[in-house]
Amino acid sequence: MSVRLKLTLSYAGFLMIAGALLLAAVWLFLLRYVPERALIVPGGTPTRHGVFPIRSRLLDVFAPRAAAVMALLLLFGLAGGWFLAGRMLAPLTRITEATRTATGGTLAHRIRLPGRNDEFRELADAFDAMLERLEAHVAEQRRFAANASHELRTPLAISQALIDVARTDPDRDTGEILDRLHTVNTRAIDLTEALLLLSRAEQRSFTPEPVDLSLLAEEAAETLLPLAERLGVTLETSGGIATASGSPALLQQLTTNLVHNAIVHNLPDGGTVHVTTTATAHPRGVRLTVENTGDPLPPHLVATLTEPFRRATDRVRSDHPGTGLGLAIAETITRVHDGTLTLTPRPGGGLRATVELPAADGR
């Protein structure tokens, strides 16, 4: 049976039980005032068939009328119950239709259920929010897959071209071709590893533990110091203990990506990178800030830098252009740690990246 039919039978059954109880109460009430024997009225005849029937005749008088009332209650309960059940389940029907539409691949449909803020309205609003997030996620995944295919196709096409050159021109210097193949292959490997890291970060497959961001900042600065010296960038770290809760490996990757991005996207000479870690009280958390000098950046460009494969190539001050996933990975790692990554252009040029994470319990 459908839910509507079940509700209809439930309404009708409840109404029949209520009617039966009411008639039973009336029956018991009447028994108190109906005599057991016929009354003899002075100057008249026995009222055996008058307005005061004796108790033995009461059932003959009351039962047909009670049966008629119960029949009317049954018809009224079925009709009214069917109507009320339909009105109550109408929002659920709209939600079901929206679900079927989404199952068919159309995620742009929204229920937008009107009316009071009841359970059905909350369910419809939650379903609309889920569809909105799902549509955005699918669009992002499609865009990411297209960009990844394009980025991977470039080194593969270059490798194929170099191999074809080596095959058609045996007298060409193979050392130069091998060096270029090595460079292209290294870039393809870096890009593949970045894609895998981005995929693992989105899965939240880690056990949170206390992590001091100040130690991670010092380790990232020590690792990237040779690159900074080669590019003429001054790298500084400061701040106090800032203990967050999360994955040490992912948070180390987050810090390294931000510092590396600040180094390679800097001034041609005399640039600086400053890394600070602080603990905040309101709200209680920790903050990692990475600032670098550089060219002035328009706000609309800064707002897109966390998108995969989004580069501002005029800011690159390195022979290695990167994979275009550094800030995208940093944003993903921040999000899976329930934090926020904010990018703002500095007034004098350059970029300020601020990561805010919840503090570890008891820290």
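**Exercise 1. Work out the strand order of the open sheet and find its edges.**

Start with the order: 5 strands line up as β2-β4-β5-β7-β6 in an open sheet with mixed pairing. Strands here are DSSP E runs of at least two residues, helices are H or I runs of at least four, and both are numbered from the N terminus. Two strands pair if DSSP finds at least two bridges between them.

Next, the edges: β2 (233–239) and β6 (340–345) each pair on one side only. Neighbouring strands of the sheet are turned by 15° against each other on average, direction ignored. For such angles, axes are lines fitted to C-alpha atoms (for helices, over the stretch in contact), and values run from 0 to 180 degrees between N-to-C directions.

A word on the model before going on. It is predicted, so local features need pLDDT of at least 70 and side-chain atom pairs count only at pLDDT 80 or more, while totals for chains, interfaces and linings use all residues. Residues are numbered from 1 along each chain as its sequence is written, and side-chain values use heavy atoms, leaving out hydrogens and water.

**Exercise 2. Trace the partners of β7 and say which residues stand opposite each other.**

Take β5 to begin with. Strand β5 (residues 285–292) is joined to β7 (residues 351–358) by 8 bridges, and the two run antiparallel. Along this pair, Val 290 stands opposite Ala 353, and Glu 291 stands opposite Arg 352.

Now turn to β6. This strand also runs antiparallel to β7, with 6 bridges between them. Here Thr 344 is the residue opposite Arg 352. The hairpin of β6 and β7 has 5 residues between the strands, and Gly 349 in it takes a positive phi near 110°.

**Exercise 3. Place helices α5 and α8 against the sheet, then decide: is Thr 334 buried or exposed?**

First, α5 (residues 213–230) lies across β2, β4 (271–280), β5 and β7, and runs at about 170° to β2. Helix α8 (residues 326–336) packs on the sheet too, touching β6 and β7, with its direction at about 140° to that of β6. Contact means heavy atoms within 4.5 Å.

Then zoom in on Thr 334, which lies in α8. Leaving aside residues up to four places away in sequence, Thr 334 touches Leu 254, Gly 339, Thr 340, Leu 341, Val 355 and Leu 357. Its relative accessibility is 1%, so Thr 334 counts as buried. The cut-offs are under 20% relative accessible area for buried, over 50% for exposed and partly exposed in between (1.4 Å probe, protein chains only).

**Exercise 4. Find two non-glycine residues with positive phi and describe their settings.**

One is Asp 338, with phi near 60°. Asp 338 sits in the loop between α8 and β6 and is exposed at 56% relative accessible area.

Another is Arg 112, with phi near 50°. The loop between α2 and α3 (119–168) holds Arg 112, which is exposed at 62%.

**Exercise 5. Pick out where Leu 9 sits and how accessible it is.**

Leu 9 is found in helix α1. With a relative accessible area of 42%, Leu 9 is partly exposed.
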